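Student: Hi! I've just opened this one and could use a friendly guide. Can we go through it together?

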Amino acid sequence: MIQFTRNYTDRSNNYGFQFEFHCDKCRNGHMSPFIANKMGMAAGFLKAAGSLFGGTLSRAAYAGDHVKDALRGSAWDDAYAEAVEEGKKHFKHCTRCGQWVCPQACWNESRGLCEACAPDLQEEAAHIQAKVAVDQAWDKARKVDQVESLDMKAHRTAAASACPHCNARVEGGKFCSECGKPLAAAKVHCTQCGVEMKPTARFCGDCGTPRSG
């Protein structure tokens with residue numbers, strides 16, 4: 001069984017093998033040394049030469065690809081196993097939860113466990129103090145009137161004020177600043193049935209007669 005395989009990214013290509021291993025807790029990583037794939041490099045050289053000279057070299061490059069693909073499985077496995085053994089040196093293994101973590105940020109050296117299992121008390125104290133300070137700031141803000149100068153009645157009046165002719169928002173006055181018509185419009189009645197019509201209505205809602213004027 002190969003350990004240390006949960007979090008990794010395969011950075012390999014046709015010319016070699018390389019792997020990036022990640023901390024199970026913070027995702028910081030370590031890149032393994034590049035291991036050249038000799039068959040892949042040879043096929044690449046043959047392709048480059050074949051594009052210039054063609055013929056036998058092109059056929060050799062095609063055959064080289066098949067050989068490289070046939071050998072890639074075992075070559076990848078060997079390179080991966082080597083990278084795992086090298087990568088494990090840069091991480092710590094927590095025997096309590098089984099995670100592999102980076103020693104710089106996620107390992108409690110004094111406890112011999114990862115910081116998820118054995119948090120650093122000094123770091124936790126600083127975190128708790130900061131969180132309590134934020135909570136206290138919220139409480140303090142709630143005790144102070146943050147909208148002392150806000151006139152809620154004036155805002156309701158402004159929001160409800162609209163020109164009866166064009167519906168433009170108005171902030172007071174006797175005439176609309178958009179259409180120039182008086183804001184206190186006289187009541188309008190249908191010339192046909194006499195029903196009172198809305199200021200913005202173009203037709204009578206009862207008989208359908210067009211509004212006059």
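**A cavity and its surroundings**

Tutor: Happy to! Let's begin with the largest cavity, whose lining consists of Phe4, Thr5, Arg6, Asn7, His22, Asp24 and Trp100. Keep in mind that this is a predicted model.

Student: What classes of residue make up the lining of the largest cavity?

Tutor: The lining is a mix of two nonpolar, three polar and two charged residues.

Student: And how much space lies in the largest cavity?

Tutor: About 40 Å³. The count of cavities of 30 Å³ or more comes to one.

Student: How does anyone find empty space like that?

Tutor: A probe the size of a water molecule is rolled over the atoms, and this shows where empty space is left.

Student: His22 was in that lining. Which strand has it?

Tutor: His22 belongs to β3, a strand that covers residues 19-22. Both faces of β3 are covered: Phe19 and Phe21 are buried on one side, and Glu20 and His22 are buried on the other.

Student: What is the strand order in the open sheet?

Tutor: The order is β1-β3-β4, three strands with antiparallel pairing. The edges are β1 (8-10) and β4 (29-31), each of which pairs on one side only. From one strand to the next, the twist averages 15 degrees.

Student: How many bridges join β1 to β3?

Tutor: Three, with the two strands running antiparallel. Among the partners, threonine 9 is matched with glutamate 20 in β3, and tyrosine 8 with phenylalanine 21 in β3.

Student: What about β3 and β4, how many bridges there?

Tutor: Three bridges join β3 to β4, and these strands run antiparallel too. One of the partnerships links histidine 22 to glycine 29 in β4. The two strands form a hairpin with six residues between them. In that turn, arginine 27 has a positive phi of about 75 degrees.

Student: Changing topic: how many salt bridges does a search of the whole structure find?

Tutor: Five. One of them takes us back to β3, where glutamate 20 sits: its side chain meets that of arginine 11 in a salt bridge, at 2.8 Å from N to O.

Student: Are those two buried or exposed, and why?

Tutor: They fall into separate classes. Glutamate 20 counts as buried because its relative accessibility is 16%, and buried means under 20%. Arginine 11 counts as partly exposed because its value is 42%.

Student: Which residue forms a salt bridge with lysine 88?

Tutor: Glutamate 85 does, and the closest N and O atoms are 3.9 Å apart. Lysine 88 is partly exposed, with a relative accessible area of 23%. Glutamate 85 is partly exposed as well, at 48%.

Student: And which residue does lysine 131 form a salt bridge with?

Tutor: Aspartate 135, with the closest N and O atoms 3.7 Å apart. Both are in helix α3 (residues 121-142), and because they are four residues apart there, about one helical turn separates them. Aspartate 135 counts as partly exposed, with 37% relative accessibility.

Student: Last one: where is proline 182 found?

Tutor: Proline 182 is in the loop between α4 (152-160) and β10 (188-189). This proline is partly exposed, having a relative accessible area of 39%.

Student: How far apart are proline 182 and cysteine 163?

Tutor: In sequence they are 19 residues apart, and in space they are 8.3 Å apart, C-alpha to C-alpha.

Conventions. Residues numbered from 1 in each chain as written. Predicted model: local features only at pLDDT ≥ 70, side-chain atom pairs only at ≥ 80, totals over all residues. Heavy atoms only, no water. Salt bridge = Lys/Arg side-chain N within 4 Å of Asp/Glu carboxyl O. Buried < 20%, exposed > 50% of the residue type's maximum accessible area, 1.4 Å probe, protein only. Pairing = 2+ DSSP bridges. Axes fitted to C-alpha atoms, helices over the stretch in contact; angles between N-to-C directions. 1 Å grid on protein atoms, 1.4 Å probe; cavity = no way out; pocket = protein on both sides within 12 Å on 5 of 7 lines; lining within 4 Å. Points joined across faces, edges and corners; volume = space filled by probe spheres on them. Nonpolar A, V, L, I, M, F, W, Y, C, P; charged D, E, K, R; others polar.
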